[in-house]
Amino acid sequence: MTVNADTTTSGYSWRSLPAAQQPEWPDSEALRAVLADLETYPPLVFAGECDQLRDRLAAVARGEAFVLQGGDCAETFDGVSADAIRNKLKTLLQMAVVLTYAAKVPVVKIGRMAGQYSKPRSKPTETRDGVTLPVYRGDSVNGLEFTPEARTPDPERLRRMYHASSATLNLVRAFTTGGYADLRQVHAWNQDFVALSPSGERYERLAREIDSALAFMRACNVDPDEFRTVEFYASHEALVLDYETAMTRRDSRTGLLYDVSGHMVWIGERTRQLDGAHVEFAAQVRNPIGVKLGPTTTPEEALALIDRIDPNREPGRLTFITRMGAGRIREVLPTLVEKVTASGAQVAWICDPMHGNTFEAASGHKTRRFDDVLDEVKGFFEVHQALGTHPGGIHVELTGDDVTECVGGGDEIFVDDLHQRYETACDPRLNRSQSLDLAFLVAEMYRNG
Ligand SMILES: O=C[C@H](O)[C@H](O)COP(=O)(O)O
Ligand SMILES: C=C(OP(=O)(O)O)C(=O)O
């Protein structure tokens, strides 16, 4: 990792540790200049908002609420448009309504949004027709286009990431507090959708029930403004530590460090080394922290992560996001949950049913089967229900657009359809109809549990 000459950040403990998956910036002077600017930019979120999310996640850890975390695999600068942001938010709001109403549980809504611009990769390079170039690491680092110019890491992209995150968050705040997310709009969110899809019709029936519940509450004199705004939080993988460090500030109230680039940040499966910089970074900032746990995670590793990141065993501080794969979850998760519970830690457990279920179709598209996604969530619920612990939420890659990236779903996408609208910059996402299907099925699982 680059050493920042600026004394405001050079003392951070994670700077001296090995950091996996970092870009090789060719021009360290240019990098230094961008980071120095970023350090002076206003925070994207406030420390108090991060604390509030920690409180909400504490309720999840206690079994009193459910997390819906979702958004693109990789946000792109071109994707910062009002339509794309509104469609994603609308999908999340519809899923949240389904979960709240059908599962009767408060839903903590967290976007993989306004900062999800950096990607860890399996290989550092990509070869096409005998030409080898650096792999695409997300719009914060390089471009997707397969040319030497686009693939060369450019630190100016970190500045663009800040502005893209800021513009996204600004619109999300406007939508969620300015009336668009008002619960009385449940039908409006579905208008362009209902005639087109079975899940849209199912949603419309549920929205009618919500209408009559709202009418009942109005008759009981419940203040309608109670339904006007929605709490919505932003999260991303804290991957490029130069950026996250430049966005780390001391809270004037408490003197504690917060990463003000998002409310919650998570550490990925490829960067959760106990002696690495990412875990040390997560340990030092006060944001609620997520850590991805893949199928090779040992209970000892999970316990050591708790000791490092949540030494005070504070509910809401640490969320384990398991991503085992449908074929492994029933075998691997029980021991992890048992040992973590026995240790007295109160983590929130949420299920990422995407990252353990990716495969390459014959056409060369990376894809996921909706049935595998669903089966992993089912396995997650089965394990927690058998152990008497709380299945605390789902973490999904989705978009509000009608893409054809994952196969299956009620409005079925076939392998032969993948080429039609395959638009992801990295991994395949559920489209809007598949996302709603998932929400209905998860709500059933939750209610039955
Ligand atoms: O989103 C997650 C990772 O970045 C992605 O799964 C890595 O994929 P790769 O194996 O194509 O590098
Ligand atoms: C890279 C990701 O996941 P994981 O670290 O679980 O592979 C991701 O969620 O974008």
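**View 1. The shell around ligand 2 divides into two nonpolar, two polar and five charged residues.** This close-up, like the others here, comes from a predicted model. Which residues surround ligand 2? They are Cys-73, Pro-120, Glu-237, Gly-268, Glu-269, Arg-270, Lys-292, Arg-323 and His-355. Keep Arg-270, Lys-292 and His-355 in mind, since later views return to these members of the shell.

**View 2. Ligand 1 has a shell of three nonpolar, one polar and three charged residues.** Look around the ligand and you will find Cys-73, Lys-119, Pro-120, Arg-121, Ser-122, Cys-426 and Asp-427. Cys-73 and Pro-120 belong to this shell, and they are also listed around ligand 2.

**View 3. Strand β8, residues 264-267, is covered on both faces.** In a regular strand, side chains alternate between the two faces of the sheet. Here Met-264 and Trp-266 lie on one side, Val-265 and Ile-267 lie on the other, and all of these residues are buried. What does β8 pair with? Strand β5, residues 232-237, runs parallel to β8 and is joined to it by three bridges. Within this pairing, Ser-235 has Met-264 of β8 as its bridge partner. Strand β9, residues 289-293, also pairs with β8 in the parallel sense, again over three bridges. In that pairing, Val-265 stands opposite Ile-289 of β9. To get from β8 to β9, the chain passes through helix α9, residues 277-284, in a right-handed β-α-β crossover.

**View 4. Arg-270 and Lys-292 are among the positions that UniProt marks as "binding site" in an unreviewed entry.** That annotation also includes Arg-112, Glu-269 and Arg-323. Start with Arg-270, found in the loop between β8 and α9. Is Arg-270 buried or exposed? Arg-270 falls in between: it counts as partly exposed because it has 16 C-beta neighbours inside 10 Å, and a buried residue needs 20 or more. Setting aside residues up to four places away in sequence, Arg-270 touches Ala-20, Gln-21 and Pro-120. Now turn to Lys-292, which sits in strand β9. Lys-292 is buried, because 22 other C-beta atoms lie within 10 Å. With residues up to four places away in sequence again left out, Lys-292 touches Trp-266, Ile-267, Gly-268, Glu-269, Arg-272, Ile-321, Arg-323 and Asp-352.

**View 5. Cys-73, His-355, Glu-397 and Asp-427 are covered by a UniProt "binding site" annotation from an unreviewed entry.** Why can these residues be said to gather at one spot? They span 355 residues in sequence, yet no two of their C-alpha atoms are more than 10.0 Å apart, so they come together in one place. His-355 is found in the loop between β11, residues 348-351, and β12, residues 358-360. With 21 C-beta neighbours inside 10 Å, His-355 counts as buried. Glu-397 lies in strand β14 and is also buried, with 27 other C-beta atoms within 10 Å. Which residues does Glu-397 contact, leaving aside neighbours within four places in sequence? They are Asp-72, Cys-73, Met-354, Asp-427, Arg-429 and Leu-430. Two of these contacts, Cys-73 and Asp-427, carry the annotation too.

**View 6. Ala-114 and Asn-221 have positive phi values, Ala-114 near 60° and Asn-221 near 70°.** Neither residue is a glycine. Ala-114 sits in the loop between β2, residues 107-111, and β3, residues 125-128. Asn-221 sits in the loop between α7, residues 198-219, and β5. Their surroundings make a nice contrast: Ala-114 counts as buried, with 29 C-beta neighbours inside 10 Å, whereas Asn-221 counts as exposed, with 7 C-beta neighbours inside 10 Å.

**View 7. Asn-431 lies in the loop between β14, residues 393-397, and α13, residues 432-448.** Is this loop residue, Asn-431, buried or exposed? Asn-431 is buried, because 25 other C-beta atoms lie within 10 Å. Among residues over four places away in sequence, Asn-431 touches Thr-399, Asp-401, Asp-402 and Val-403. Asn-431 and Arg-128 are 303 residues apart in sequence, and their C-alpha atoms are 28 Å apart in space.

Definitions and conventions
Residues numbered from 1 in each chain as written. Chains lettered and ligands numbered in written order. Predicted model: local features only at pLDDT ≥ 70, side-chain atom pairs only at ≥ 80, totals over all residues. Near = placed C-beta within 6 Å. Nonpolar A, V, L, I, M, F, W, Y, C, P; charged D, E, K, R; others polar. Buried ≥ 20, exposed ≤ 12 C-beta atoms within 10 Å, placed from the backbone. Helix = DSSP H or I, 4+ residues; strand = E, 2+ residues; numbered from the N terminus. Pairing = 2+ DSSP bridges. Right-handed = clockwise from strand over helix to strand, strands pointing away. UniProt positions renumbered as here; feature names shortened; annotations may be inferred. Contact = placed C-beta atoms within 7 Å.
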